[in-house]
Amino acid sequence: QVQLLETGGGLVQAGGSLRLSCAVSGRTFSIYRMGWFRQAPGKERKFVASISWSAGITYYGDSVKDRFTISKDNAKNTVYLQMYSLKDEDTAVYYCAVAGTSRTYDYWGQGTQVTVSS
């Protein structure tokens with residue numbers, strides 16, 4: 001089992017920055033990739049960014065490319081999402097997820113709310 005705890009959400013003005021953290025505990029040796037997803041009210045959950053646990057290869061959703069940066073600290077078993085130039089449409093609940101040996105996102109955090117005000 002893997003447990004995830006997201007922190008760092010909050011209220012920020014448009015154009016501002018925020019950094020989310022996701023601390024992982026449990027069977028961390030089985031982590032293949034970690035990702036961030038978000039879900040706005042009344043909308044489906046969408047992919048934001050991901051990073052491979054070993055090589056650090058990153059992928060980003062088109063809407064956040066060049067504004068968000070995903071990074072990791074293996075020693076702390078933590079993944080980060082640095083968000084810059086935030087827009088109203090970035091308002092959502094942000095979820096951290098882990099893909100293990102199955103290569104699918106099997107473990108999810110409880111989510112953290114990000115609200116961008118204009």
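User: Is Lys 65 buried, exposed or partly exposed?
Analyst: Happy to help! This is a predicted model, where local features need pLDDT of at least 70, side-chain atom pairs count only at pLDDT 80 or more, and totals for chains, interfaces and linings use all residues. Residues are numbered from 1 along each chain as its sequence is written, and side-chain values use heavy atoms, with hydrogens and water left out. Buried means under 20% relative accessible area and exposed over 50%, with partly exposed in between (1.4 Å probe, protein chains only). Because its relative accessible area is 40%, Lys 65 is partly exposed.

User: Which residue forms a salt bridge with Lys 65?
Analyst: A salt bridge puts a side-chain nitrogen of Lys or Arg within 4 Å of a carboxyl oxygen of Asp or Glu. Here the closest N and O atoms are 3.3 Å apart. The partner counts as exposed, at 67% relative accessibility: Asp 62.

User: How far apart in sequence are the parts that Arg 38 and Asp 90 tie together?
Analyst: Their salt bridge has its closest N and O atoms 2.8 Å apart. Strands are DSSP runs of E, at least two residues, numbered from the N terminus. Arg 38 lies in strand β4 and Asp 90 in the loop between β8 and β9, so the parts they tie together are separated by 52 residues.

User: Which residues do salt bridges that share partners join into one network?
Analyst: Arg 67 also forms a salt bridge with Asp 90. Both Arg 67 and Asp 90 are buried, and Arg 38 is buried as well. The network joins Arg 38, Arg 67 and Asp 90.

Technical notes. Helix = DSSP H or I, 4+ residues; strand = E, 2+ residues; numbered from the N terminus.
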